[in-house]
Amino acid sequence: MQEIRFRSHPPKNAPSLSTERMSFLIACKSKIPFRKCWHKQIDAGTSIIIVSTELNAYCDSYVNIFALPIPMPPYPTHTFSDIFNAENCCEFIIVRKNISTPFHEHSEQEVKECYEKEREQKMLDGRIKDEHKRFAVKVIYDNFQEIKNHIDLSQEKTNINLFANYQLHYFDENNNKLCSSLVFFSNPDSFSLAKERYNLSVFHKLEIYDKIKKIIVNRGMIKTGRDLQYIIFEAIELVLKNNIEDHECYKYFLNDNGSPKDESDMQALLYALLRSLLNIAGINIAREVQLKGGELDFLCTYTSLDGRNLSVAIELKKAHHLKLLHGLKNQLPQYMNAQQTKYGIFLVLWFKNEQYPLPTNFSSIEELKNKLEKEKPHSKITIENLIIDCTRHKPPSK
């Protein structure tokens with residue numbers, strides 16, 4: 001793969017791209033520990049701003065194009081981010097005013113000559129020469145003595161490889177935005193670095209990040225109760241099932257003697273784990289909601305973009321609960337009816353192992369799963385069953 005560039009089309013009624021005098025703003029993120037914000041007016045036409053970024057790799061512009069039909073290597077999207085795995089990083093914003101317009105119509109011969117020139121540059125330098133990036137790096141380098149007081153940047157690292165992905169925004173002399181450009185993988189080592197980042201020890205973690213992003217990004221796609229049910233089911237699998245089954249959170253559901261804790265104690269922990277992700281996605285979750293003379297364990301609500309109120313009811317039961325099937329066939333449907341929703345999730349926690357023999361009427365999770373699928377109501381309502389294994393797993397080495 002090689003450097004990738006995108007340029008947006010000007011909005012309707014935008015000023016002409018043939019404007020004689022223009023300004024541009026270049027924004028780039030770098031994995032450099034941040035200390036404090038800083039702004040400097042370098043001269044009449046140039047200024048530099050440093051701001052803090054305490055977010056993850058999905059803040060990088062690159063991830064916004066991962067869905068486009070272009071060839072990509074088989075690595076998770078954010079392994080190409082300039083701020084991969086960074087907890088504290090900074091963003092440079094450099095503004096340059098009163099420059100000559102970079103836009104003009106090219107003849108067929110000029111396009112051909114430009115293409116040949118770029119091929120020669122890439123052959124000799126390993127990259128295509130970019131005046132905007134060179135300008136930004138030079139501004140940072142020339143002001144290094146002041147910048148170093150605000151970020152942890154060494155002078156030897158202040159070079160053309162300081163960042164690989166960046167955005168360009170063009171404005172006319174009246175500050176009307178003309179268009180934007182996105183540049184990715186502009187460093188010769190962009191792909192070799194991604195390959196180093198991509199390894200089996202972090203693969204599962206990266207896969208989880210992709211799922212989290214999917215849940216957050218899909219918030220605008222929630223149009224029906226069924227959509228909401230799907231997103232919440234995905235969130236439960238990701239936050240609860242994954243942490244309990246694969247990251248030893250099952251310990252927090254057991255008493256010292258190995259028996260399961262009370263359902264109310266489990267409910268509080270499940271709520272705490274799930275709430276943050278759902279709230280980021282714009283979904284509200286409440287616990288112990290009074291309905292139909294009883295208490296629904298969790299009620300998730302969401303307001304769609306067209307103003308409709310959507311909701312999903314969640315009932316929690318331990319697999320050995322004496323009224324497990326009653327909860328699925330009667331209790332949850334009644335709560336759903338009271339809330340006037342057709343969508344519910346029946347969440348079951350499984351504790352049976354060699355030390356804890358319950359439930360006695362099911363020998364395995366698979367047997368319980370088949371029974372729940374067979375018994376769940378299908379008339380006019382949609383209930384999804386989800387079983388979480390809260391038992392300790394044997395280490396792979398044994």
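Let me begin with a definition: two strands pair if DSSP finds at least two bridges between them. Strands here are DSSP runs of E with at least two residues, helices are runs of H or I with at least four, and both are numbered from the N terminus.

Now, hello everyone, and a word on what we have on screen. This is a predicted model, where local features need pLDDT of at least 70, side-chain atom pairs count only at pLDDT 80 or more, and totals for chains, interfaces and linings use all residues. Residues are numbered from 1 along each chain as its sequence is written, and side-chain values use heavy atoms, with hydrogens and water left out.

The protein has nine helices and 12 strands. Of its 398 residues, 44% count as buried, where buried means under 20% relative accessible area, exposed means over 50%, and partly exposed is in between, with a 1.4 Å probe and protein chains only. The exposed surface comes to about 22,200 Å², with carbon and sulfur atoms supplying 49%; these areas come from the Shrake-Rupley method with a 1.4 Å probe.

Let's go to the strands. β8 (284–291) pairs with β9 in the antiparallel sense over seven bridges, and Val-289 has Leu-296 of β9 as its bridge partner. Two residues sit between the strands of that hairpin, and Lys-292 there takes a positive phi near 55°. On to β9 and β10: they are antiparallel too, over six bridges, with Leu-299 bridged to Ala-313 in β10. Their hairpin has five residues between the strands, and Gly-307 in the turn shows a positive phi of about 90°. How enclosed is β9? Seven of its 10 residues are buried, so β9 is largely enclosed by the rest of the structure.

Next, the packing. The largest nonpolar core has 38 residues, and Ile-232, Ile-236 and Leu-347 are among those with the most contacts inside it. By nonpolar core I mean a set of buried Ala, Val, Leu, Ile, Met, Phe, Trp, Tyr and Cys residues joined through side-chain atoms within 4.5 Å. The largest share of this core, 10 residues, comes from α6. Which residues does Ile-236 touch? Leaving out residues up to four places away in sequence, Ile-236 touches Lys-241, Leu-274, Ile-314, Ile-345, Leu-347 and Leu-386, a contact being heavy atoms within 4.5 Å. There is also a second, separate core of 23 residues, including Phe-92 and Val-137.

My favourite helix is α8 (324–339). For its 16 residues, 1.5 Å a residue gives a span of 22 Å, and the end C-alpha atoms are 21 Å apart, which agrees; the expected span is 1.5 Å times one less than the number of residues. A kink of about 30° lies at Gln-331, shortly before Pro-333, where the bend is the angle between axes fitted to the seven residues ending there and the seven starting there. Buried residues of α8 include Leu-328, Leu-332 and Met-336, and β9, β10 and α9 are among the elements that cover its buried residues.

Finally, some backbone details. Just after α8, Gln-340 takes a positive phi of about 60°, and at 74% relative accessibility Gln-340 counts as exposed. Glu-248 also has a positive phi, near 60°, and is partly exposed at 44%. The peptide bond from Leu-358 to Pro-359 is cis, with omega near 5°, and Pro-359 lies in the loop between β11 and α9. Thanks for listening!
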